[in-house]
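Trainee: I am new to this structure and should like to learn how its features are read. May we take them one at a time, with the general idea before the particular case?

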Amino acid sequence: MRILVISDIHANKDALNAVIKDAKNFDGVWCLGDIVGYGPEPNECIEIVRNLPELKCIKGNHDVAAIGEMDISLFNQEAKDSMMMHQSILTKDRKKFLHNLPEKIEVEGVTLVHGSPRNPIWEYILEPYIARINYEFFKTEICMIGHSHQPLISSWNAEDGVLEWGAAQPSKTINIHNRMIINPGSVGQPRDYDPRAAYGIFHTSIRRFEFKRVEYDIAAVQKKIIDKKMPSRHAERLSAGW
Ligand code: ZN
């Protein structure tokens, strides 16, 4: 099967549509959380995601916050402003969809979580030693994560004690070797200074993962953010890719 792997859409419908179009034919979709937060179109993004074929979807910290199941007092002011806007415009039905998402899914020898297998909602895997610890917290060959918005490849060989760790370059294809932690990057708010939408394609039978990037109309999304009187910083960062 050819699986489309997406994460951190963050209410960016234009980026999501560009990814779906670019991915062309896929048999199923794995979504690693944060459908909402920051961007201008949370309802629309949930509607697109939940109608994707053979969907496996877990929840992220912004999804939890958007349905009022998390204290957002520690969010910075801009994140709080957009989150309150999302809380007010999300329909009851879409909130229920977010509420019902699991924190973790195991499928085809892959564990899907938003942050880390140790702490699925909150932990960031941004350093090799954090990745190393987290290999103890999932049983499958591979763990796919989001949350940091940065494409990542890590592998762990328990026999020789070698940890591989590094950013994944656009268009990189890897064959699965040893146990691995993979982050496809963010669809709607990349943070690796490449503003193009990031996603992955996973071939389940041949165990191969492709990192992909696609351009979309960033200016159109920035205009929607400004028109909806959301924090301008959320618009500016899209063209910086950070
Ligand atoms: Zn996120």
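Trainee: Is Asp8 buried or exposed?

Mentor: This is a predicted model, and the values that follow are computed from it. A residue counts as buried when its relative accessible area is under 20%. Asp8 is therefore buried, since its relative accessibility is 0%. His10 counts as buried too, at 1% relative accessibility.

Trainee: Which protein atoms are the donors of the zinc ion?

Mentor: Asp8 and Asp34 each contribute an OD atom, while His10 and His149 each contribute NE2. These donors lie 2.1 to 2.4 Å from the zinc ion. Along the sequence, the spacing of the donor residues is D-x1-H-x23-D-x114-H.

Trainee: How should the angles at such a site be read?

Mentor: For four tetrahedral donors the ideal angle at a metal is 109.5 degrees. In the present case, the angles among the four donor atoms run from 85 to 175°, and the site of the zinc ion is irregular.

Trainee: What is notable about the phi of Asp34?

Mentor: Most residues other than glycine have a negative phi. Asp34, although not a glycine, has a positive phi of about 60°. Asp34 sits in the loop between β2 (28-31) and α2, and is buried, with a relative accessible area of 1%. His147 also has a positive phi, near 80°, and is a residue other than glycine. The place of His147 is the loop between β6 (142-144) and β7 (152-157), where His147 counts as buried at 1% relative accessibility.

Trainee: With which residues is His62 in contact, leaving aside its neighbours within four places in sequence?

Mentor: His62 belongs to helix α3 (residues 61-66) and is buried, at 5% relative accessible area. Beyond those sequence neighbours, His62 contacts His10, Asp34, Val36, Gly37, Tyr38, Phe75 and Met83. Two of these names, His10 and Asp34, are already familiar as donors of the zinc ion.

Trainee: How is a nonpolar core to be read?

Mentor: In soluble globular proteins, nonpolar side chains tend to be buried together. The largest nonpolar core here has 46 residues, of which Leu4, Ile6, Ile35 and Leu98 touch the most other members. Helix α1 (residues 13-23) supplies the largest share of this core, five residues. Apart from this core lies another, of 20 residues, including Val107, Val110, Ala168 and Met180.

Trainee: Which contacts does Leu98 make, leaving aside its neighbours within four places in sequence?

Mentor: Leu98 is in contact with Ile35, Val36, Ile46, Lys59, Asp63, Ala66, Ile67 and Leu90, those neighbours being left aside.

Trainee: How does one describe two packed helices?

Mentor: Two packed helices are described by the angle between their axes and the distance between the axes. The axes of α1 and helix α2 (residues 42-50) cross at roughly 20° and come within 9 Å. These two helices, α1 and α2, are therefore roughly parallel to each other. Lys13, Leu16, Asn17 and Ile20 of α1 make the contact with Glu44, Cys45, Ile48 and Val49 of α2.

Trainee: At roughly what angle do the axes of α7 and α8 cross?

Mentor: Helix α7 (residues 218-227) and helix α8 (residues 232-240) have axes that cross at roughly 175° and come within 8 Å. That makes α7 roughly antiparallel to α8. In α7, the residues Ile218, Val221, Gln222, Ile225 and Ile226 meet Ser232, His234, Ala235, Glu236, Leu238 and Ser239 in α8.

Technical notes: Residues numbered from 1 in each chain as written. Predicted model: local features only at pLDDT ≥ 70, side-chain atom pairs only at ≥ 80, totals over all residues. Heavy atoms only, no water. Core = buried A, V, L, I, M, F, W, Y, C linked by side-chain atoms within 4.5 Å. Buried < 20%, exposed > 50% of the residue type's maximum accessible area, 1.4 Å probe, protein only. Helix = DSSP H or I, 4+ residues; strand = E, 2+ residues; numbered from the N terminus. Contact = heavy atoms within 4.5 Å. Donors = N, O, S within 2.8 Å, 3.2 Å for Na, K, Ca; no water. Tetrahedral: all angles 85-135°; square planar, octahedral: opposite > 155°, others 65-115°. Axes fitted to C-alpha atoms, helices over the stretch in contact; angles between N-to-C directions. Parallel < 35°, antiparallel > 145°, perpendicular 65-115°, else oblique.
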